[in-house]
Amino acid sequence: MRVGVVGATGLVGREMLSIVAEREIADAGGVMAFASSPGREAPFGEGSVPVQVLDPAAVGSGDYLLGATSSPVARQWVEACASAGAVVIDNSSAFRMCDDVPLVVPEVNPEALDSHRGIISNPNCSTIQLVAALAPIAREVAFEWVSVSTYQAVSGAGRRELDRLRSQAAGGPAHGPLYHGNVLTEIGEPGAEGYCGEELKLMRETAKIMDGSFPVYPACARVGVEVGHTESVSVMLERPLDAAAAVEILRGAPGVAVSERGFPPVKVAGGDMVGVGRVRNHPGQPRMLQFWVTADNLRKGAALNAVQILQLLLD
């Protein structure tokens, strides 16, 4: 068995390599790092591995590839590598909504892996933490609808934008989007009926993962935070559920941590849990449950989720 990370020099790719080393899934001899600029070394554990250019003809049965590239780049290599016999866990949006590609959050729908054809998709970062918090409650009480407002960290836009935020915070020129001291109320290209790309992902991906049994009404914003996506969630339930009972459900959920006051981004950065806090009922509507959800978008929102999928496959 070999494990390869495609896009190994980016923010998510580096996290993937780090988590593979942390969890001792493979040693350096069984790890491959791919990027468009070869000749470098990518950190791995206490050492490093050489960075190569990916050749689909050089991978095959027994190889597992974790993809951390953009969607256009993923379309160039994912299917070719799967056809060669490798199993690809892709973090891009390129294949998420394909009927024959499972979209998986291990704590929520691991059974979806049973039908993979060599390609498995990682959901969007904002979707992963949302469904991790919703699914335990939905198993107890059905939902009528979910409303979610997101406050997403700049690292979700990649290394270049994170560097831009840091430059702006240090007093540098405000070329491109202004992140520091600002809120950008649109993420991604404008889409159907005024919804932006990130909002459409939340709608469609949540429906695919949770069987489309309820609509999601999203509003997504980018904020001047380096790491850690925060979401304000309101759920209309089919019957009343006391907030204290919801807290107990969440405390027993895998991958979820609960706090009375909630988790600010600085508390989740570098961690693996989805933090849920300020769980409450609306005073005038006992069927409405509200709470905050926060997670490290580079780890659970991307790299960790992919590695957890890999671990399920290996198990």
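**Exercise 1. How many bridges join strand β6 (residues 87-90) to β7, and in which sense do the two run, parallel or antiparallel?**

Before starting, some ground rules. This is a predicted model, where local features need pLDDT of at least 70, side-chain atom pairs count only at pLDDT 80 or more, and totals for chains, interfaces and linings use all residues. Residues are numbered from 1 along each chain as its sequence is written, and side-chain values use heavy atoms, with hydrogens and water left out.

Solution.
- Step 1: get the elements. Helices (H or I, at least four residues) and strands (E, at least two) are DSSP runs, numbered from the N terminus.
- Step 2: apply the pairing test, which asks DSSP for at least two bridges between two strands.
- Step 3: β6 and β7 are joined by three bridges and run parallel. One pair to look at is V88, whose bridge partner in β7 is I119.

**Exercise 2. Work out the strand order of the open sheet that seven strands form.**

Solution.
- Step 1: walk across the sheet and you get β3-β4-β2-β1-β5-β6-β7, with mixed pairing.
- Step 2: check the ends. β3 (41-44) and β7 (119-121) each have a single partner strand, so one side of each has no neighbour in the sheet.
- Step 3: add the twist, which averages 25 degrees from one strand to the next. Angles here run from 0 to 180 degrees between N-to-C directions, and axes are lines fitted to C-alpha atoms, for helices over the stretch in contact.

**Exercise 3. Describe how helix α1 (residues 11-22) and helix α8 (residues 299-314) pack.**

Solution.
- Step 1: place each helix on the strands. α1 lies across β1 (2-6), β2 (31-34), β3 and β5 (63-67), at about 45 degrees to β3. α8 lies across β1, β5, β6 and β7, at about 160 degrees to β5.
- Step 2: take the helix pair itself. The α1 and α8 axes are 9 Å apart and the packing angle is about 45 degrees.
- Step 3: classify. Under 35 degrees is roughly parallel, over 145 roughly antiparallel, 65 to 115 roughly perpendicular, and the rest oblique. α1 and α8 are therefore oblique to each other.
- Step 4: list the contacts (heavy atoms within 4.5 Å). V12, E15, M16, I19, V20 and E22 in α1 meet R299, A302, A303, L304, A306 and V307 in α8.
- Step 5: sort by class. The contact of α1 with α8 has nine nonpolar, no polar and three charged residues. For the bins, Ala, Val, Leu, Ile, Met, Phe, Trp, Tyr, Cys and Pro are nonpolar, Asp, Glu, Lys and Arg charged, and the others, Gly among them, polar.

**Exercise 4. Trace the pairing of strand β14 (residues 285-295) with β11 and β13.**

Solution.
- Step 1: strand β11 (residues 229-237) is joined to β14 by eight bridges and runs antiparallel to it. Here M236 sits opposite M288 in β14.
- Step 2: strand β13 (residues 274-282) also pairs with β14 in the antiparallel sense, over six bridges. Partners in β14 include L289 for N281 and Q290 for R280.
- Step 3: find the link. A hairpin takes β13 to β14 through two residues.
- Step 4: extend past β13. Strand β12 (residues 256-259) joins β13 through four bridges, running parallel, and V258 has V276 as its bridge partner in β13.
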